[in-house]
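Visitor: I would like to go through this structure by asking, for each label used, what earns it.

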Amino acid sequence: MFDPVIAPSGTLLGLLQRGRGDGTLHALAAPRAEALAALNHCVLNDPRHDWQVENRSLYYARLYLDIHGGLDAIDHHLFRAEDHFDTEESRTGLSLAVLGHLAAYGRRDALDLLRRYAATGANWAWALDELALRDDDTGLRSLAVPVLARFPAGPEGDAELASVVRDAFEPRPWRLWADDPRPAVGARIRAAGEQGSFDRWQRQLRPSGPRPGWSVQAVFDWAQQALERGTEMHGPAARCLTAVAGPDDRPLIVEAARNGPDGARCAALHYLAEVRDPVVLDLIEAAAGGPDRTVADAAVAAFERMCGDEAVDRARGWVHRPDALGASAAGVLACRGGTKDTALVLGALRETVRAEGPDTQRLWTLVDGAGRLGIVCAAPVLRHVYRETASSHLRGRAARALAATDPSYATGFAVECLWDCEETTREVAALHAETGDVRVAERLRRLAADPAEEAEVQTAVRSRMGPDAAAR
């Protein structure tokens, strides 16, 4: 999937792509045709950099309801010829998730679209998962024959069906179909389920990887072999070392961390960091400054996992380094530093935004640190990150930090955050938004009554409301 093109933050499209609460508020004030066009563009062209972290589907579904938007554009997108050769989930996943929420809100047209796509579309499994949560038994039973037709009778088709049944995210449709009296449906699903259970049992009988009784050298060899195959097993190998290494093995592990082959060296660094060996910080510094990027990255990752005052003290000396270890040191101070580190964390935050912009993942811990340490003078930078980042996850972190550092948050960004696409951001807003704004009281009531809203958000909302359900 290509990185999405995000419009400027001051435009309606840019606001909706970011999932900002102001996107909904501006769309409700805009001409309906303009708002619907921008909304359709977002739903048909997923604007998220990481769909596994960022939420948009409920946000867009609610806006479809608010502007009484039709679903013709989604219909055309799902059933166009491109669906037959571009089968990536990223093309249709957001559209299907939006339809799922709309179906839960009672939109019959959304439910019908999901049923049609589950029967004929390339990303049918996603549509089926949405229906498993929203459709009735009759609707799901009607899909048994078209879904099973995707798996031709025979060894290859049966094996593929067994794999799909075994790994189904939502098992409800398959359980319903297993009770179907028709041999071509019920009997076949039951056989596929039995085969999937047998496959899982076989994998459990033939585990791969370290076994009891392995030596330290055997663990190093395993980590090296995995790296040569293109798989990094530094963390698992370090945990294996914890199980098999004794005091007499320390010289071997230290030597591997200093001069061993890459896989062994990375595993040894992680292990020594985990047990907080006194020599590990010097070894990390040497590895991070070396030419081998695999080892350097592993050294930085090992340092980030360290706890204790010695790691924080060393971070204060490394924070000005212009490399990955310097950036990691800033993150360690943000997460575990004290009030005397506020200037270092603030400087790292400002420099990261200046050098890398408002979307770099390095900002996540720095933004959290600004809030944790209560750095009031970081508020202007945090407001910039909030406005400009395309990551709704990072914006949520900025909102939490602003709640701790910016006195104007309650009457400013907190109000729009009640409409944000991220439930954690809505939760923060529900706790802090100033209810003197008439929009806030009405929005809190709506969130409290919405069955699709997350429980944590509703708990936060109800903490602001009295017995008569009037916001206070």
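The conversation below goes from the whole chain to its cores, its helices and its empty spaces.

Visitor: What kind of model is this, and what does the secondary structure of the protein chain come to?

Guide: This is a predicted model, and the secondary structure of its protein chain comes to 29 helices and zero strands. The C-alpha atoms fill a box of roughly 70 × 65 × 45 Å along the principal axes, and buried residues account for 49% of the 472 residues. Of the contacts between residues at least 6 apart in sequence, 64% join residues at least 24 apart.

Visitor: Why is valine 367 called buried?

Guide: A residue counts as buried when its relative accessible area is under 20%; valine 367 has 0% relative accessibility, and therefore it is buried. Valine 367 belongs to helix 23, which covers residues 363–372.

Visitor: What is valine 367 in contact with, once its neighbours within four places in sequence are left aside?

Guide: The contacts of valine 367 are then Leu349, Leu382, Leu394, Arg397, Ala398 and Ala401, where contact requires heavy atoms within 4.5 Å. As for aspartate 248, this residue is 119 residues from valine 367 in sequence, and the two C-alpha atoms are 43 Å apart in space.

Visitor: What makes a set of residues a nonpolar core, and which residues have the most contacts inside the largest one?

Guide: The set has to consist of buried residues of the nonpolar kinds, joined through side-chain atoms within 4.5 Å. The largest such core has 90 residues, and Phe220, Ile284, Phe303, Leu349, Tyr409 and Leu418 have the most contacts inside it. Helix 17, residues 262–274, gives the most to this core, namely eight residues. Apart from this core lies another one of 54 residues, including Leu12, Ala61, Ala127 and Ile189. As a general matter, nonpolar side chains tend to be buried together in soluble globular proteins.

Visitor: Which residues is phenylalanine 303 in contact with, leaving aside its neighbours within four places in sequence?

Guide: Phenylalanine 303 is in contact with Leu281, Ile284, Ala311, Ala315, Trp318, Leu325, Ser328, Ala329, Val332 and Arg336.

Visitor: How do you know that the buried residues of helix 20 are on the same side?

Guide: The buried residues in helix 20, residues 309–318, are Ala311, Val312, Ala315 and Trp318. They cover an arc of only 120° around the axis, and so they lie on the same side of helix 20. On the other side of helix 20, Asp309 and Gly317 are exposed. The buried residues of helix 20 pack against helix 18 (280–288), helix 19 (293–304) and helix 21 (324–336).

Visitor: What puts the buried residues of helix 29 on the same side?

Guide: In helix 29, residues 455–462, the residues Val457, Gln458, Ala460 and Val461 are buried. Because they cover an arc of only 160° around the axis, they are on the same side of helix 29. Their packing partners are helix 27 (423–432) and helix 28 (438–449).

Visitor: What makes an empty space a cavity, and how many cavities of 30 Å³ or more does the structure hold?

Guide: In a cavity a 1.4 Å probe fits but cannot get out, and the structure holds two cavities of 30 Å³ or more. The largest cavity has about 70 Å³ of space, and its lining consists of Thr24, Tyr59, Arg62, Leu63, Asp66, Trp419, Asp420, Arg426 and Arg443. Helix 4, residues 57–66, gives the most to this lining, with four residues. By class, the lining of the largest cavity has three nonpolar, one polar and five charged residues.

Visitor: Which residues line the second largest cavity?

Guide: The second largest cavity holds about 30 Å³ of space and is lined by Asp46, Arg48, Trp51, Glu89, Ser90, Gly93, Leu94 and Trp126. Helix 6, residues 89–104, supplies the largest share of this lining, four residues.

Visitor: Why is the largest pocket called a pocket and not a cavity?

Guide: The name follows from the definition, because a pocket is an open set of points, whereas a probe cannot get out of a cavity. The largest pocket has about 800 Å³ of space, and among its 31 lining residues Trp51, Ser57, Ala97, Trp126 and Glu130 lie nearest its centre. Helix 8 gives the most to this lining, with seven residues. The lining of the largest pocket divides into 14 nonpolar, six polar and 11 charged residues.

Key:
Residues are numbered from 1 along each chain as its sequence is written. This is a predicted model: local features need pLDDT of at least 70, side-chain atom pairs count only at pLDDT 80 or more; totals for chains, interfaces and linings use all residues. Side-chain values use heavy atoms; hydrogens and water are left out. Buried means under 20% relative accessible area, exposed over 50%, partly exposed in between (1.4 Å probe, protein chains only). Helices (H or I, at least four residues) and strands (E, at least two) are DSSP runs, numbered from the N terminus. The arc is that of the directions from the helix axis to the C-beta atoms. On a 1 Å grid over the protein atoms alone, a cavity is a set of points where a 1.4 Å probe fits but cannot get out, and a pocket is an open set with protein on both sides within 12 Å along at least five of seven lines; lining residues have an atom within 4 Å of a point. Grid points are joined across faces, edges and corners, and a volume is the space filled by probe spheres set on the points. Ala, Val, Leu, Ile, Met, Phe, Trp, Tyr, Cys and Pro count as nonpolar, Asp, Glu, Lys and Arg as charged, and the others, Gly among them, as polar.
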